[in-house]
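Student: I'm new to this one, so could you pick a single strand and take me through it closely? I'd like to know what it pairs with and how the chain gets from one partner to the next.

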Amino acid sequence: MGVQSPARPPSGNDAAVGDVGEQELIRRYRTARRDRRLAVLEGFHALKHALRFGAEVVEAVASEPRRLDELARELAPDLAGSLAERVAAVGPEVLAELVPQAPRTGVVAIARRPEVDPGAALADPRPASIVLLEDPRTMANMGACVRVAAAADAAAVLTTGPNDPWHPDALRGAAGLHFALPVAAIESLPESDRPLVAIDPGGEDLRPAELPLQAILAFGTERHGLSDALLARADARLGIPMRAGVSSLNLATAVAAVLSTMLARALKLPEFYWAPISTIVILLSPSDPFTLAWQRFAGTALGATVGALIATFFPTNWVVYGAGILLCGILSAILRLGGAYRFAAITLSIILLIAHTAPPGIVAYHRFVEVSLGVAVALVVTRVWRLPSPK
Ligand SMILES: C[S@@+](CC[C@H](N)C(=O)[O-])C[C@H]1O[C@@H](n2cnc3c(N)ncnc32)[C@H](O)[C@@H]1O
C-alpha cells in the first residue's frame with residue numbers, strides 16, 4: 001500500500017507535485033470533489049477523453065500504471081505509450097479511498113476545469129444546437145446528456161438549478177466528455193438570437209425538418225418537466241410522439257432522440273428520422289440493448305446491401321421482393337446473424353417498396369448511416385445507464 005512515486009502533472013511539465021503521504025493524497029482528492037475549479041476524473045475513459053480534448057490534468061494516480069498503456073493500445077491508440085509515465089502508482093487500497101467507487105480501470109485524476117463563457121457558446125456561429133437542461137436532478141442524467149451532446153457536436157450544454165454539471169458523478173456519467181464542448185451552470189438563460197424550443201411531452205409533434213439547427217433545445221427537470229416561465233418564453237413547444245399511456249421518456253433519452261435527429265439533419269441525410277427511430281427502439285426495448293444494437297446494425301447492413309443490388313439489377317415486383325426476403329434469411333443463417341434477419345428484411349422492404357428519387361445504392365447507404373447513427377446514440381446512452389451507481 002502507498003504512493004510509490006510522486007504524482008506528476010501529465011502535461012509534459014516535468015515538475016513533480018511532490019512526495020506526499022497517503023493521507024495528503026486522499027485529502028486532496030476529497031477536497032477536489034467540492035472545488036468548482038477542479039474536475040475529478042474517474043476511470044480510463046474519463047482520463048482519455050479529458051486528455052484528447054485538451055484538459056490540463058494536474059495529477060493522476062493508478063493502481064497498475066503499466067496496464068494503462070495496454071488499455072490505451074487497445075482503446076485509444078492516440079495516447080498509447082504516454083500514459084504510464086504520466087501517472088503515479090498507488091496501492092488499490094489507497095485508490096479506493098480517493099473516490100466513492102474505485103473505477104475498474106484503476107485510474108483517477110484531477111484536472112482543471114476550463115473557463116466557459118456561456119455568452120460565447122450562445123454566439124457560436126456553427127449550425128449546432130445548444131442543450132439547456134432546466135434544473136436537472138440526477139448526476140447520471142446530466143452526464144448522459146453531456147456525452148450525447150458531445151457526440152452530436154452540439155454547441156454547448158447549459159444547466160440551471162443548484163446541481164453542478166461538473167460534479168464528479170456527472171463527469172463519470174459523461175466519461176470525461178465535458179472537455180469536448182462548453183458545459184456550464186447558468187443562473188438563467190440570457191437573451192440570444194437563437195430560437196428557444198421547449199422539448200416537452202405536451203408539445204406539438206416534433207417535425208425534425210422544421211427544427212432550426214441553431215436552436216436552444218430546452219429540456220425539463222426529471223419529475224416536473226419545464227417550468228411555466230420557460231414554456232411561456234419559448235418560441236415553440238415540441239414533443240416526441242409516444243404511444244398512448246406512456247407519459248414521458250427519461251430526460252437523457254429525450255435529449256438523445258432529439259440530438260440524433262438534429263445530427264442526421266445536419267449531415268443532410270434525407271430520411272433522417274430513421275436515426276431517432278433506431279435510438280428509441282433500442283432504448284425502449286426490454287431486450288439487451290447491446291444485442292439489439294448489434295442485430296439492428298448487422299441486419300441493416302445486410303438488408304441495405306441486398307436491397308441495393310436487387311434494385312440496381314432487377315425490376316421491382318412481388319416475386320423479386322419475395323426472393324430478396326428469402327435471400328436475406330439464407331445469408332443471415334449462413335453468417336449466423338440470428339435475430340438480425342428481421343432488420344435485414346425491414347431495410348430491404350424500405351429500399352424496394354418505397355418510391356425513392358435517388359439511385360438504390362445511395363438510398364441503401366443513407367439508410368445504413370441513419371440507422372447506425374441512431375444505434376450509436378442509443379449505445380452511448382446505454383453505456384451510461386450500465387455504470388454502477390456510486391456508493
Ligand atoms: C422525465 S421528463 C419530465 C416529465 C414531466 N412529468 C413532464 O410531463 O414534463 C424530463 C424531460 O424530458 C423531456 N421529455 C421526456 N419525454 C418527452 C417527450 N415525449 N417529448 C418531449 N420531451 C420529452 C422533456 O424535456 C421533459 O421535461
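Tutor: Two strands count as paired when DSSP finds at least two bridges between them. Keep in mind that this is a predicted model. Let's settle on strand E6, residues 156–159.

Start with its side chains. Ala156 and Leu158 point one way from E6, while Val157 and Thr159 point the other way. All of these residues are buried.

Now for the partners. In general, strands of a sheet pair through backbone hydrogen bonds, and they can do that parallel or antiparallel. E6 runs parallel to strand E5 (residues 130–133), and 4 bridges join them. To find that pairing on the model, look for Ile130, whose bridge partner in E6 is Ala156. E6 also runs parallel to strand E7 (residues 183–185), this time with 3 bridges. Here the pair to look for is Leu158 and Ala184: Leu158 stands opposite Ala184 in E7. So you meet Ala156 and Leu158 again, the residues that point one way from E6.

How does the chain get from strand to strand? Follow E5 into E6 and you'll find helix H6 (residues 139–151), which makes a right-handed β-α-β unit with these two strands. Carry on from E6 to E7 and helix H7 (residues 168–173) takes that role, again in a right-handed β-α-β unit. E6 thus belongs to both units: one with E5 and H6, the other with H7 and E7.

Conventions. Residues numbered from 1 in each chain as written. Predicted model: local features only at pLDDT ≥ 70, side-chain atom pairs only at ≥ 80, totals over all residues. Buried ≥ 20, exposed ≤ 12 C-beta atoms within 10 Å, placed from the backbone. Right-handed = clockwise from strand over helix to strand, strands pointing away.
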